[in-house]
Amino acid sequence: MDTTQGDLKHLFQQLGLQSDANSIEGFVRKHQLPEGQLIQQAVFWSESQRHFLAEALAEDAQWSDVIDHLDTLLRK
């Protein structure tokens, strides 16, 4: 059983991205999702990041809530 904490810092680590607060804030400022686009379809993800996001959402994995939170942040 995976007991990795499900928060933005750990999600960014899973995605291979800088995970400190400033880097997360910068990422959110730099990247926005257009209306109707699924988070896993965004052009700024690598293929492996896209796959991770799609799989986690499809399986309703422990990451689903934090991915949904990130999705919301990317639409502001």
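## A walk through a four-helix chain

The side chains of arginine 75 and aspartate 71 meet in a salt bridge, with N and O 2.7 Å apart. That pair makes a good starting point for a tour of this structure, which is a predicted model. Side chains of opposite charge can pair when their charged atoms come close. The two partners here sit in unlike surroundings: arginine 75 is partly exposed, with a relative accessible area of 35%, whereas aspartate 71 is buried, at 16%.

Let us step back and look at the whole chain. Its secondary structure consists of 4 helices and 0 strands, and from the N terminus on the elements run α-α-α-α. The radius of gyration is 12 Å, close to the 11 Å that the globule rule gives for 76 residues, so the chain is as compact as a globular protein of that length. Along its principal axes, the C-alpha trace spans about 35 × 25 × 20 Å.

How much of the chain is buried? Of the 76 residues, 37% count as buried. Contacts tell us about the fold as well: among those with a separation of 6 or more, 59% are between residues 24 or more positions apart. On the outside, the chain exposes about 4900 Å², and carbon and sulfur atoms supply 49% of that area. The chain also carries 6 positive and 12 negative charges, and the mean positions of these two groups are 11 Å apart.

Now follow the chain to helix H4, which covers residues 64-73. Which of its residues are buried? They are Ser64, Val66, Ile67, Leu70, Asp71 and Leu73. The aspartate in that list is the salt-bridge partner of arginine 75 that we met at the start. What covers the buried residues of H4 includes helix H1 (8-14), helix H2 (21-30) and H3.

Serine 64 deserves a closer look, as it lies in helix H4. Its relative accessible area is 4%, under the 20% cut-off, so serine 64 counts as buried. Leaving aside residues up to four places away in sequence, serine 64 touches Ala56 and Leu57.

Helix H3 spans residues 47-58 and holds both glutamate 47 and arginine 50, which are 3 residues apart, about one turn of the helix. These two form a salt bridge, with their closest N and O atoms 3.2 Å apart. Is glutamate 47 buried or exposed? At 59% relative accessibility, over the 50% cut-off, glutamate 47 counts as exposed. Arginine 50 is partly exposed, with a relative accessible area of 23%. In total, the chain has 2 salt bridges.

Finally, let us visit the loop between H2 and H3, where glutamine 40 is found. At 18% relative accessibility, glutamine 40 counts as buried, because buried means under 20%. What does glutamine 40 touch, not counting residues up to four places away in sequence? Its contacts are Trp45, Arg50, Leu53, Ala54 and Leu57. Two of these names are already familiar: Arg50 is the salt-bridge partner of glutamate 47, and Leu57 is also touched by serine 64. Through these contacts you can trace a path from glutamine 40 to Leu57, and then on from Leu57 to serine 64 in helix H4.

Technical notes: Residues numbered from 1 in each chain as written. Predicted model: local features only at pLDDT ≥ 70, side-chain atom pairs only at ≥ 80, totals over all residues. Heavy atoms only, no water. Helix = DSSP H or I, 4+ residues; strand = E, 2+ residues; numbered from the N terminus. Rg over C-alpha atoms; globule rule 2.2 N^0.38 Å. Buried < 20%, exposed > 50% of the residue type's maximum accessible area, 1.4 Å probe, protein only. Contact = heavy atoms within 4.5 Å. Areas by Shrake-Rupley, 256 points an atom, 1.4 Å probe, with all protein chains shown as cover. Lys, Arg positive; Asp, Glu negative; His and termini not counted. Charge placed at Lys NZ, Arg CZ, Asp CG, Glu CD. Salt bridge = Lys/Arg side-chain N within 4 Å of Asp/Glu carboxyl O.
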